[in-house]
Amino acid sequence: MSSGRRTAYFYDPDVGNFHYGQGHPMKPHRLALTHSLVLNYGLYKKMEVYRPYRATSHDMCRFHAEDYIDFLQRVTPQNISGFTNCLSRFNVGDDCPVFPGLYDFCSIYTGASLEGAVKLNSGSCDVAINWAGGLHHAKKFEASGFCYVNDIVIAILELLKYHPRVLYIDIDIHHGDGVQEAFYLTDRVMTVSFHKYGNLFFPGTGDMYEVGTEKGKHYSVNVPLKDGIDDLTYDSLFKPIIQAVVEHYRPTCIVLQCGADSLGCDRLGCFNLSIKGHGECVKFVKRFNIPTLVLGGGGYTVRNVARCWTYETALLLDSDINNELPYTEYFEYFSPDFTLHPDVSVKIDNQNTRQYIDQIRQTVVENLRLLPHSPSVQMQQVPPDMLSMDLSMELSSDTRIPAGEGERDVEHPAEFYSSGTDHDHLSGVET
Ligand SMILES: [Zn+2]
């Protein structure tokens, strides 16, 4: 049953103790609930559990502007009045408040994604999980949508040192705008985001015609959806699109953002996915057997976020876990059913008609056909006479063989670490 895949899981016991402020929907505490379920289901036995590296400002500045990171490092609720100009400039305020320990929080979730990338690069794991990461809205110069530092972009920059092509998949209900924007001009990263679009839903970007530009044209894929999408409808888009993306792009590494605000009953969301329906995306991506960094993201009904990410941890480990939740210190959160898969469906119409879904799928798949196969820094076109008889059966005349998934022309920094020690080396690596 076990695939022999090695899974690294990152959790910092401090991460659940940060508070965005009273009434704020983003609750880092959901990470403590998730971890507690993961432990009490015994899932830790099937993976390597790490207390992650903490990202330095140097690591963060691989993507972000120095003055912005400097601001995050210095601002506190006590001295905030001295930073009035900065607040609007860096979009810090209501959605993205200054709370105690803000910089440490960023450092924790970013360090874990970065360490996951380093472990994938060194081959010391095949799957790396960081539920605290996935903060996809953060921009180079500013905070956005509860996100301050874009751990995803920073992890992908690390992966690009070894991987010619990185596929980013985002199933959060919100558009993965920060990641898309960072890689909009390149073919080294393909971003694919499934999200609610329309009626000014945050962040307002991600229509079907945002496809990337210059070298990155057609390497940004957007799947705009309407309210109330259910498991079957989502599945009928996700699988064919991801299948086509993987076939055309041949990623050597995948980053999967598993925002759980696409579940039914989410405090901010308006989709209608069940936990199993959400998990089906994780299962499908796992089947490709490509090194994968699995991240969290949004998710505002805390009890269901914890259920969802626990279930997805089990899926990644090929573990069947009981629907009855184990006893944990947070047991009362899961009342009244105390199960892993309660009914989270809401009674709203699925506004995504068959016709609408068919049209999106068709447009997206047609755009993928415009791509050259497996572009990259070291792509080579193999002359047709190199095709052996048995290979040629599966290759059409215009198919190019990807260049040996090669690392040859990709930068190999001297410094990387393999066993969770000597983390300082990370900060000496430039992208
Ligand atoms: Zn979201």
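Which residues in H5 meet which residues in H6? Let's start there. One caution before that: this is a predicted model.

From H5 we have Tyr-109, Thr-110, Ser-113, Leu-114, Gly-116, Ala-117, Val-118, Leu-120 and Asn-121. They meet Asp-151, Ile-152, Ile-154, Ala-155, Glu-158 and Leu-159 in H6. Sort that contact by class and you get 9 nonpolar, 4 polar and 2 charged residues.

Now the geometry. H5 covers residues 102-122, and H6 covers residues 151-159. Their axes are 8 Å apart, and the packing angle is about 20 degrees. Angles under 35 degrees count as roughly parallel, so H5 is roughly parallel to H6. The crossing is right-handed.

Stay with H6. Is this helix enclosed or open? Of its 9 residues, 9 are buried, so H6 is largely enclosed by the rest of the structure. The buried residues include the charged pair Asp-151 and Glu-158.

One H6 residue deserves a stop: Ile-156, which is buried. The largest nonpolar core has 113 residues. Ile-156, Tyr-168 and Val-255 touch the most other members of that core. And which helix gives the core its largest share? That is H5, with 10 residues. Leave out residues up to four places away in sequence, and Ile-156 touches Val-166, Tyr-168, Val-189 and Val-255. As background, nonpolar side chains tend to be buried together in soluble globular proteins.

Second pair: H8, residues 231-249, and H9, residues 275-286. The axes come within 10 Å and cross at roughly 15 degrees. That makes H8 roughly parallel to H9. This crossing is right-handed. H8 brings Asp-231, Tyr-234, Asp-235, Phe-238, Lys-239 and Ile-242. H9 brings Gly-277, Glu-280, Cys-281, Phe-284 and Val-285. By class, the contact of H8 with H9 has 6 nonpolar, 1 polar and 4 charged residues.

Third pair: H1, residues 29-40, and H10, residues 302-316. Their axes come within 8 Å, crossing at roughly 40 degrees. That makes H1 oblique to H10. H1 passes H10 in a right-handed crossing. On the H1 side, the contact uses His-29, Arg-30, Leu-33, Thr-34, Leu-37 and Val-38. On the H10 side, it uses Val-302, Val-305, Ala-306, Trp-309, Thr-310 and Thr-313. The classes here are 7 nonpolar, 4 polar and 1 charged.

To recap: H5 lies roughly parallel to H6, H8 lies roughly parallel to H9, and H1 is oblique to H10.

Notes. Residues are numbered from 1 along each chain as its sequence is written. This is a predicted model: local features need pLDDT of at least 70, side-chain atom pairs count only at pLDDT 80 or more; totals for chains, interfaces and linings use all residues. Axes are lines fitted to C-alpha atoms, for helices over the stretch in contact, and angles run from 0 to 180 degrees between N-to-C directions. Helices (H or I, at least four residues) and strands (E, at least two) are DSSP runs, numbered from the N terminus. Angles under 35 degrees count as roughly parallel, over 145 as roughly antiparallel, 65 to 115 as roughly perpendicular and the rest as oblique. A crossing is left-handed if the near helix is turned anticlockwise from the far one by less than a right angle, and right-handed if clockwise. Two residues are in contact if their C-beta atoms, placed from the backbone, lie within 7 Å. A nonpolar core is a set of buried Ala, Val, Leu, Ile, Met, Phe, Trp, Tyr and Cys residues joined through C-beta atoms within 7 Å. A residue is buried if 20 or more other C-beta atoms lie within 10 Å of its own, exposed if 12 or fewer, and partly exposed in between; C-beta atoms are placed from the backbone.
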